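Colleague: I have a model open and I'd like to learn how to read it. Can you take me through it feature by feature?

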Amino acid sequence: VTVGTAVAFKHENQAGKEFMPQIFDRSSNALARMSLVLTGLIVIALGVTLDQLQRSPWVTRQGQRPDQPVPFSHKHHVQGLGLQCQYCHTTVEKSSYAGIPPTKTCINCHAQIWTNAQLLEPVRQSWATGQSIPWVRVHDLPDFVFFNHSIHVNKGIGCATCHGRVDQMPLMYAQNTLQMEWCLDCHRNPAKNLRPTSQIYNMAWESPASDRPVWCSTTGDKPGVPTAESVSCTTQDPTAAGAQVARLQLPMGGAEGLAGDVAAATVPVAPVYRKFTSQDELGHFLLVQYKIRTPKDLTSCEVCHR
Amino acid sequence: MSGHISIDGKNESMNKAGNAVEHETKSAPTPMTLAEVRQELKGVKGKRFWRSVDELANTAEFQAAVEREFPSAAQEWVDPVSRRGFLKLMGASMALAGLAGCTKQPEETIYPYIKQPEDLVLGKPMYFATAHPFSTGGVPLLVKSDEFRPIKVDGNPEHAYNHGGSDPFSQGTLLDLYDPDRSQHVLFRGENREWAEFAEAFRLKVAATKDGTGVYFLSSTITSPTLARQWKAVQAAWPKAKLVQYDPALAGTFLAAGGPGVQYDLSAADVIVSLDADFLSGASYPGFHKLVRDYAERRKHPENGMNRLYAVESMTTTTGMKAEHRLGLRASEVPAFAAELAKAVGVAGVEPPAYAWTDQQQKFLAALVKDLKANVGKSAVLPGLYQDPSVAKLALAINSALGNVGKTVSATPDPAIPLPSDQLADIKSLVADLNSGKVDWLVILNANPIYTAPADLNFADAFNKANVVAHLASHLDETGQISHWNIPAAHYLESWSDVRAYDGTVSIVQPMIDPLYGGRTAHHVFQTLLNEPMLSPYDAVRETWKPVIKGDFETGWRKSLHDGWIANTAYDKTSKSAADAVFRGTVPVPASKDSLEIIFRPDPNVYDGRWSNVGWLQELPKPVTNLSWDNAAIVSGATLTKLGLDEDDIVELSVGGGRVKAPVIVAPGHPDNSVTVHLGYGREFAGRVGSGAGFNAYLIRNTWAPLYATGSLRKVEGKWGIAITKSHYQDHRGTEFGEKGAGNNSLEGDEALGPRGIIRYATLEEFKANPNFAHEGEGRETPQYDTSLFPNWAYNEANAWGLSIDMNSCTGCNACIVSCYAENNIAVVGKQQVRMGRNMQWLRIDTYFEGDLSAPRAHFQPMACQHCENAPCEQVCPVGATVHTPEGLNTMVYNRCVGTRYCSNNCPYKVRRFNFLLYSDYETESLKLMRNPDVSVRSRGVMEKCSYCVQRINEAKIQADKENRPIRDGEIVTACQQACPASAITFGNINDKQSRVTKQRAEQRTYQVIADINTRPRTTYVAEVLNLNQELESAPVEHTPAKG
């Protein structure tokens, strides 16, 4: 039934046989069809737009550098001065929170250097008045998400994996969306992001490739000893001359007496190194060594939502 | 109880059920009329279970309630909002719902420390030992502190007294700390002042009197040895200054009067007799935590023998309901009954008043005496705290005559409280002094006499005759409103003090947080009058224990703070005191059988009113009656009928010149011609939560009868509108009522007993003859893996969480529920919402009464999410908001939930709770400090339920993974398990063959509830075993209610 006839029909019913001119031209049928199609398209477009909007930096704040009370430069402090992450983020290995440094941490150095810098006025104010420096949160998860830093860094997820090259950020921004799909992407296949725990704080870590292999050795699983302590990895070929360094670190655990006291039999044999030339190989090796839970476990809702 | 053993009972009802089904095919089911039910009830033998009086009688209202998923009006928009307003709200919320997913998160600010405390790891809680200084004895605590905010209060697991157990009061004190209505400023006639101004004014005033004449202190019972020491110093310096202690819930009891401290060791008692001693339901009874633990310990392995509990009681309490044999007596009959018992077991000097005991009472006494004599040295008789002091003396004499002293009972010469006094006489003389103008300064310490003082004293009139009244209190309460000086009191979690536990062990009360509102303590007030007025309570407490702590003081002090007690301070149990089998004194004569007796008891939830503003405790359904948000005139069914009343009718109670209007409710088993009223309600200035709830029973409580009085009752017009949570969340199988079961009980009764067997128990003899009784005939627990449409999950990897509840140990004390409130950020919804059945407790304690209305037994069954492996709720959720985890948890994903409530509809256990409105308080600042940061605060439109404390599971999993080890058994403790003073709850990994929960599940008595529909619940129950005395076994059913 087209629109035109429908109206005419209706008119006839209401007004009997009285003649009334058609209100709509025949061309309005085409218009009606087009408008139906257009409506559909608009709905789809709206959906797509909202979907894109939801993932856009406008919503996720990905890549945005909010105004901070002090324009703190991670680039300067990490790359320039070589501060280790944990100098400020002290509890990243112990707790769910990595920790935001207290004013005292800033003052440790800035009582000595740049003591008159205008930029650091809020820090000095904070120190003098006892009021916190009101940092704007850059990595902000929703309140119904419970994220734990310590388990990630203990199991081979490096800082840069989520936070990006912080050492190259003059002003802090979120490298990633921190949206659920992004989390799940890794929880479904952690192997693609695992790295040796010795490289957690290495901002410049790159996945192994044929031109930059990684060698790892393992002393086997020891219950009660953190898995990270059983794996030793190096980017220097341990069979070449530089291997001494890597090997010297090994017999430390448990040897309380002098090195000379250790009976010859207890000196561990030289570790066997495996060479990895791709992230996939290394990731799956570490997945087993670090006893990473299965994707089934890692994607269970209660892991992050309680 | 009949001679039938439970298996017979079951088969009988099953047979009847079979017949009924055949019959049912012929005619449509029709609800039975009340008369028909009565006809059916007549002459029926066998176990009968029911949960409320409505249910027993199967009233039309009850039938209607059964048909619904949620109780009446729970699903309807009944708030006074117009339809138009409702549509507007709907429109707005739909717009918000659509946009909520797309809006940006608000920008958040991080406020770091200036100097971070060295030992603080943000995100890791710390635990500190302290103690809750409760008037019946300190409760040693271990408090969880997040960023130095106390967020969870639990018993100290290493303390020999409570082993980690706590009680509803102690749990509730956390919300009391963060109560937004606490008094926040020092005020003088309504104007802001400083503490120093008060201290100066007070000190100068007292100095001007030279000897303290006219200076009066009115304090709640002093529990702190340091405070007692400070008072003695004040008294030495100002000999005419007077201290009056008045605690409405202790005045007139043997505890306040001092006397020897008596300790019971129920772990060695085979026969326990309660003479109106409600020692299983809460901390109101001194030594509750230890008593309930020892009691339960002797019931955990019936195969190794178990104790037997006799209860003689004047109102229905959980103690009586747990007892093997219970005798309901009117309160005034109890001393006479105790005297009869004393005489029968050979106590010298006792002359029981002549009284016409019924045959049944005589039979009970005879059997009791016989049993006690057969268990010489292995029994314990506990006197009621709210009984005439003669009962305590009689009980000690009975224990002495039975050779229990030195074995199950020890008496020490030390009084249980540091400054015993006759509180009623003292407050009387205070009022006399006030009226004669002798009182210049009245300093009230943590007491609220305007509200709690006995009615006959006219305290409010006398109060105005004091020149200056200073009031140290946590709230601007009834007394605070008319006092001149108001000094905010520091909470015990904010201040230094000390207290002795029931066993005498001294605990230091150490603060967890700086006073939120600059509160002060009684220590400060007394110290103001001493040589060093600025000496802090901390220094005062240290001074007290310097001579006691052995070795290097600093080391010993730190150890005491760390451990939570000072070593070697428990009462000496070996010391002999005057405990001979002789009774000196008189036994009061019972009141006439026709008179109406009114019994006053502190409330099981808000005590004497001090916790009126604690929403958790207000909303908590009271044991036995399941009443929340109110107190009531509690009577027996027969008395209700005799007086021509219905439940919820309003009556006017009068004692002496006092009158008060109260709603009536029935407590099954309550003695006839007797009314129990709970104190602590009817507050005018309690705060936003407690003001206006219930009625003020202090108005009819007088100095001449503080524990029970003879009074009268008359019906007045109207209905009160009480909120009772029982008979809520009925299963949706009302039409089956006529079909299944014997027709002599309710739907739930059938299910509790019949094919379903929600409650399964046996007598000790039955259990010994047939240890497998809990599974007899049914075999329903065998999971059927091939009948479900859904794929089965093996759960054989890693962990599989399970919970086991020992029905023999649970006494229904409610500590678990309050603990769950704190741990899981559960909202308080208010009375009107509770009336609609919208209360949010994740855990409830189902009370199944059994037997006659006038003499029932009850079975307490904690009921929370069962974490079914084959969960009906998950199968109907359209958005996957409730799903299973690989470890077998039925988990809720709040941010996915759209509020269809299908899951709740499909839950056979009715344990899901829905946020019909925005119940969580997102606004009040002080409450934000209290929340558990590891648990989401749920908003409107979200379903929630027990999570097995998944936040604790995940914390332990992360820790174990980091340390590369399996989770240890006992490493994860659920909040309910942690609080349980009876250790009735066990949680753990059922894949670990060595875990405690696996062992408990392997017990033959273990059964599952409603497992016949193949839900495969992870929560299991260990069936009860009752150690009945053969001579009394059939007594309760034969008991006839008093003739009206």
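Modeller: Sure, let's start with strands: two of them pair if DSSP finds at least two bridges between them. Keep in mind that this is a predicted model.

Colleague: Okay, so how many bridges join E1(A) to strand E2 of chain B?

Modeller: There are 2 bridges between E1(A) and E2(B), residues 109-110 of chain B, and the two strands run antiparallel. To find the spot, look for Trp135(A), which stands opposite Ile110(B) in E2(B).

Colleague: Now the whole interface. How many residues of chain A are in contact with chain B?

Modeller: On the chain A side 56 residues take part, and they touch 47 residues of chain B. The area buried between the two chains is about 4,500 Å², with carbon and sulfur atoms giving 55% of that. Within chain A, the residues that lose the most area to chain B are Arg293(A), Glu302(A) and Arg306(A), together 16% of what that side buries.

Colleague: Arg293(A) sounds worth a click. Which side chain does Arg293(A) meet in a salt bridge?

Modeller: Asp961(B), with an N to O distance of 2.8 Å. Between chain A and chain B the count is 4 salt bridges. You'll also find 18 residue pairs in polar contact across the two chains, counting pairs with both residues at pLDDT 80 or more.

Colleague: Which element gives the largest share of the side of chain A that touches chain B?

Modeller: That's H8(A), with 3 residues. Elements giving two or more residues to this side include helix H2 (27-55), helix H7 (121-129) and helix H13 (295-298) of chain A. By class, the side of chain A that touches chain B has 24 nonpolar, 16 polar and 16 charged residues.

Colleague: And salt bridges inside one chain? Where do Glu121(A) and Arg124(A) lie?

Modeller: Both sit in helix H7 of chain A, 3 residues apart, which is about one turn of the helix. Their side chains meet in a salt bridge at 2.9 Å, N to O. Over all chains, the count comes to 51 salt bridges.

Colleague: Last one, aromatics. Why is the pair Phe337(B) and Trp357(B) edge-to-face?

Modeller: Planes over 60 degrees apart count as edge-to-face. Here the planes are at 80 degrees, with the ring centres 5.7 Å apart, so the pair is edge-to-face. This pair links distant parts of the chain: Phe337(B) is in helix H11 of chain B, while Trp357(B) is in the loop between H11 and helix H12, 20 residues apart. The structure holds 38 aromatic pairs over all chains.

Key. Residues are numbered from 1 along each chain as its sequence is written. Chains are lettered from A and ligands numbered from 1 in the order in which they are written. This is a predicted model: local features need pLDDT of at least 70, side-chain atom pairs count only at pLDDT 80 or more; totals for chains, interfaces and linings use all residues. Side-chain values use heavy atoms; hydrogens and water are left out. Contact means heavy atoms within 4.5 Å. Buried area is the accessible area (1.4 Å probe) that two parts lose on being put together, summed over both. A polar contact is a pair of N or O atoms within 3.5 Å; within protein, one must be able to donate a hydrogen and the other to accept it, and residues adjacent in sequence count only if both atoms are side-chain atoms. Helices (H or I, at least four residues) and strands (E, at least two) are DSSP runs, numbered from the N terminus. Ala, Val, Leu, Ile, Met, Phe, Trp, Tyr, Cys and Pro count as nonpolar, Asp, Glu, Lys and Arg as charged, and the others, Gly among them, as polar. Rings of Phe, Tyr and Trp (its six-membered ring) pair if their centres lie within 6.5 Å; planes under 30 degrees apart count as stacked, over 60 as edge-to-face and the rest as tilted.
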